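Me: I'd like a close look at how the helices pack in one structure. Could you take me through it in some detail?

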Protein chains: 2
Amino acid sequence: MSGTFVVVGGDAAGMSAASKAKRDDPSLDVIVFEKGEWVSYAHCGTPYYVKGEVEKLHDLLSLSPTDIEERGIDLRRNHEVVAVDTDAETVTVEEPDGTTTQPYGDLLVATGGRAVTEPFDGLSLDGAFTLHGLDSAAAIRAYLTPPAEYDPDDVSEYADRDRIERHADASPPERAAIVGGGYVGVEMAEALTAWDLDVTLFQRSEHLLPPFGEAIGKQVADHLREHGVTVHTGTAVSAIAGDGRVDTVIHDAGHTDVGIAIAGVGIRPNVEFLDGALDLGASGAIATDAYGRTSEPNVYAAGDCAEALHTVTGDPAWVPLGLTANRAGRAIGKSLTGEPEPVGEIAGTAVVKAFDLGCGRAGFLDAASAREAGFDPVSETITAGSRSGYYPGAAETTVTLLGDRTSGRLLGGATVGKDRAAKRIDTVATALEADLSVEEVQRLDLGYAPPFSPVWDPILVASKVLAGRIESES
Amino acid sequence: MSGTFVVVGGDAAGMSAASKAKRDDPSLDVIVFEKGEWVSYAHCGTPYYVKGEVEKLHDLLSLSPTDIEERGIDLRRNHEVVAVDTDAETVTVEEPDGTTTQPYGDLLVATGGRAVTEPFDGLSLDGAFTLHGLDSAAAIRAYLTPPAEYDPDDVSEYADRDRIERHADASPPERAAIVGGGYVGVEMAEALTAWDLDVTLFQRSEHLLPPFGEAIGKQVADHLREHGVTVHTGTAVSAIAGDGRVDTVIHDAGHTDVGIAIAGVGIRPNVEFLDGALDLGASGAIATDAYGRTSEPNVYAAGDCAEALHTVTGDPAWVPLGLTANRAGRAIGKSLTGEPEPVGEIAGTAVVKAFDLGCGRAGFLDAASAREAGFDPVSETITAGSRSGYYPGAAETTVTLLGDRTSGRLLGGATVGKDRAAKRIDTVATALEADLSVEEVQRLDLGYAPPFSPVWDPILVASKVLAGRIESES
């Protein structure tokens, strides 16, 4: 490469790329433009900051601006890239002192995503939030904290203090609405319940956590109810209303009076500023190849704004998650100073905690999507112990596996249970990457000892049952 | 097949085969000869019965004799097979009423292993034990229990009551010696410490848990010491001594006075009764092919008495563990009534708990063995968090991975830590089965959420570091 490596966006993908490139080639000029204050923070930790399990906001920072500068990276916060000219190989930057143009040798677009705010109004009211970014997490916690107990030191120097302190002055709510039953909704149900709020969760579709399949969605809804959360599925919210401050949520089944409303109805890639400079994929995110390269020379994209290739199909997919961003950023940083490094495929692997339940998913779980991808899906769901039945702490673990009747290949799976169920999905994710058949999975030599697993790990039990079904039907 | 399916040995491999064959073909005659009283029990659970976490001995039974008979299996306990005639296709059986001959159509040898008792004397003394089988577990617990507190109902109807009750009458010991620092030794150190005994563990080689590698062995030794266990490595025991009852253990460094001694110095396959009827492998266990077939027609072998093929090398190996036995038994039972079913390869995957530490291992960890198998091994050890660093409960997880410098292939790995470290080895075991390279492992899409894993799972961190080293050295 020649010329400056310019990174747009200072979070997971951008900072991973900048750090790796600079480490592998210290002579390289690396500039990171970040439109906000925060860089390199753990978005996935914000629900636990709101809950109070993570004490300080800056505990969620992976790197401080000082760390980044010590790495020799030219970090420019409050610098927003508003246009990319791939012919001139420049970006246009709006910064506190005006607008400038920065040439690039290589460019990484890592602008992430933003919380969807449609289709309802009212998110500008006090007490109405999306959870995206540290400022919103800080504002929510400040709003939940009684003014007398609010400690400004909870918020580190980089946060949007005005907004947060305005929220800290408000009297704490007693009832909460969560709009959306995906990751954010489920995690926030746990977080708000910890504040002793009366929590109602609204999910437009028929079950929670749609990517985890119907069985897990129902189990999580039941579990939320056991913890006192009111769960309305199949119930769309049309508005968050109030006079200055949120006081009600209007939905299909009527309205519910609340003092706080949190919307978590998905995210959208930040690609509008590109204005056609890079090709987008069918998902609306930036199209990339196996190395994170976009449609334009010397321009890469990674993280929540970019597509990646799916492990099972090899086709482009958009699954905005933390590891994908970190991994792709690092690979691109490495490619810039050496041999091209694949960014890695995505199996859509995800794990989520819902109170005491852990859930995992990877690959295809939805038969309709699998059929659309050209497979002949067949699935089985089993329940087995997390440990030997006689060993203390053993808990039911439910595993669903989906396979292809024609080829016998494993297509995906999901896990749920109260004892170490979530990370059992890693076996499925690894098997998907390796194109293992369901029959091969049932013969995996997984670890067995009574405190950790029954002789037949739940993944093995599920694969035995599914392999038997595939065998009998083919 | 034609004729009776005769199974020698009524534990994991034997009962799995008998059950599967009978389920798939209810018209098949299945006879299981078991020389003892106990069938189908969880050997790996015995330390936790001794410890007291498993209350009743019969909690360790997977199937009762009644269950087995209800499956239509002709179970004959106290029947010892003393010879096999592969020409006549018969077995000779010593039973309570005399000696008989039983013809077989197919034969499965599943005679398991027995605890090694050499090279020291004294295991016939009261208070000296090996831990192999439910009777020895019951005897140890009875011996540890003050006579006034001993409840005969702790022992179910099938146990060797005479031996157990003789031990129950003895005054409980205050000091214990454990001879051998393998699985049994480490698990028994935890179990005996729970009885408030002063425990000394002797290990002949330089570190505990040799199959887990030196780093884990040392960490486990330190952890045992933190829990009050005295650990002597590089110290061989020459005798367990006493007058009727054990009172001292004589070892390289002198002698130690104890009231109980437990020897766990390995197991040996029960193959002597075959008297050359079947070929043995280099390990001394019965040689088998990918389908569990031995050197003789219609004769199978499975479980602790048999070899299996190693996942990494494809060569025969002997790693007597519970899943291997269950899996092979089931596959053989299935093969008898349908298409031949592979018994599955073994990666030597094992997990073990040592007080609060969990340890896992799979494949090759020892560079010398890997070189002997034709590889050019290179390894790296890293320490990473079990969860996101800011999330409560995160604990250090140490991962060692071994790869082949020439091909880049992953050869094995080990994990250790206080928070869910053990089962992280399943990712390694799955990758080994799929012949993944270290580079492919570093790109696995594993599950990430703060309560369950850092963004980069410890396995990914280790594979990144090892892949970098392989790349830089090749």
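At what angle do the axes of helix α1 (residues 12-24) of chain B and helix α8 (residues 322-336) of chain B cross, and within what distance do they come?

Reply: Happy to, with one caution at the start: this is a predicted model. The axes of α1(B) and α8(B) cross at roughly 30 degrees and come within 7 Å. Because angles under 35 degrees count as roughly parallel, α1(B) is described as roughly parallel to α8(B). As for handedness, α1(B) and α8(B) make a right-handed crossing.

Now to the residues that form this contact. On the side of α1(B) they are B:Ala12, B:Ala13, B:Gly14, B:Ser16, B:Ala17, B:Ala18, B:Ser19, B:Lys20, B:Ala21 and B:Asp24. Facing them, α8(B) contributes B:Gly322, B:Ala325, B:Asn326, B:Ala328, B:Gly329, B:Arg330, B:Ile332, B:Gly333, B:Lys334 and B:Leu336. Sorted by class, the contact of α1(B) with α8(B) holds nine nonpolar, seven polar and four charged residues.

Chain A has a pair of its own to set beside this one. There, helix α1 (residues 12-24) packs on α8(A) at an angle of about 30 degrees, and the two axes are 7 Å apart. That makes this pair roughly parallel too, α1(A) alongside α8(A). The crossing of α1(A) past α8(A) is right-handed. Among the residues making the contact are A:Ala17 and A:Lys20 of α1(A), with A:Ala325 and A:Ile332 of α8(A). The class counts for α1(A) with α8(A) are nine nonpolar, seven polar and four charged.

How the chains themselves are related is worth a look here. A turn of 180 degrees with a shift of 0.0 Å along the axis lays chain A on chain B, with an RMSD of 0.0 Å. The two copies are thus related as by a two-fold rotation axis. Both copies use the same surface, with 100% of the contact residues of chain A recurring in chain B.

That brings us to the contact between the chains, which takes 56 residues from chain A and 56 residues from chain B. On chain A, α8 (322-336), β21 (350-354), β22 (357-363) and α10 (425-433) each supply at least two residues of the side that touches chain B. So α8(A), the partner of α1(A) above, also takes part in the side facing the other chain. The largest share of that side, seven residues, comes from α10(A). By class, the side of chain A that touches chain B has 31 nonpolar, 13 polar and 12 charged residues.

Since α10(A) came up, here is how α10(A) packs against its counterpart. The angle between α10(A) and helix α10 (residues 425-433) of chain B is about 20 degrees, and their axes are 9 Å apart. α10(A) and α10(B) are therefore roughly parallel to each other, and their crossing is right-handed. In this contact, A:Asp426, A:Thr427, A:Thr430 and A:Ala431 of α10(A) meet B:Asp426, B:Thr427, B:Thr430 and B:Ala431 of α10(B). The contact of α10(A) with α10(B) divides into two nonpolar, four polar and two charged residues.

Finally, the domains of chain A place these helices. The assignment gives domain 1 (5-36 + 78-114 + 268-336), domain 2 (128-265) and domain 3 (356-473). The centres of domain 2 and domain 3 of chain A, taken over C-alpha atoms, are 33 Å apart. Nine residues of domain 2 of chain A are in contact with 10 residues of domain 3 of chain A.

Terms used. Residues are numbered from 1 along each chain as its sequence is written. Chains are lettered from A and ligands numbered from 1 in the order in which they are written. This is a predicted model: local features need pLDDT of at least 70, side-chain atom pairs count only at pLDDT 80 or more; totals for chains, interfaces and linings use all residues. Two residues are in contact if their C-beta atoms, placed from the backbone, lie within 7 Å. Helices (H or I, at least four residues) and strands (E, at least two) are DSSP runs, numbered from the N terminus. Ala, Val, Leu, Ile, Met, Phe, Trp, Tyr, Cys and Pro count as nonpolar, Asp, Glu, Lys and Arg as charged, and the others, Gly among them, as polar. Copies are superposed by least squares on the C-alpha atoms of residues with pLDDT of at least 70 in both. Axes are lines fitted to C-alpha atoms, for helices over the stretch in contact, and angles run from 0 to 180 degrees between N-to-C directions. Angles under 35 degrees count as roughly parallel, over 145 as roughly antiparallel, 65 to 115 as roughly perpendicular and the rest as oblique. A crossing is left-handed if the near helix is turned anticlockwise from the far one by less than a right angle, and right-handed if clockwise. Domain bounds come from an automatic or database domain assignment.
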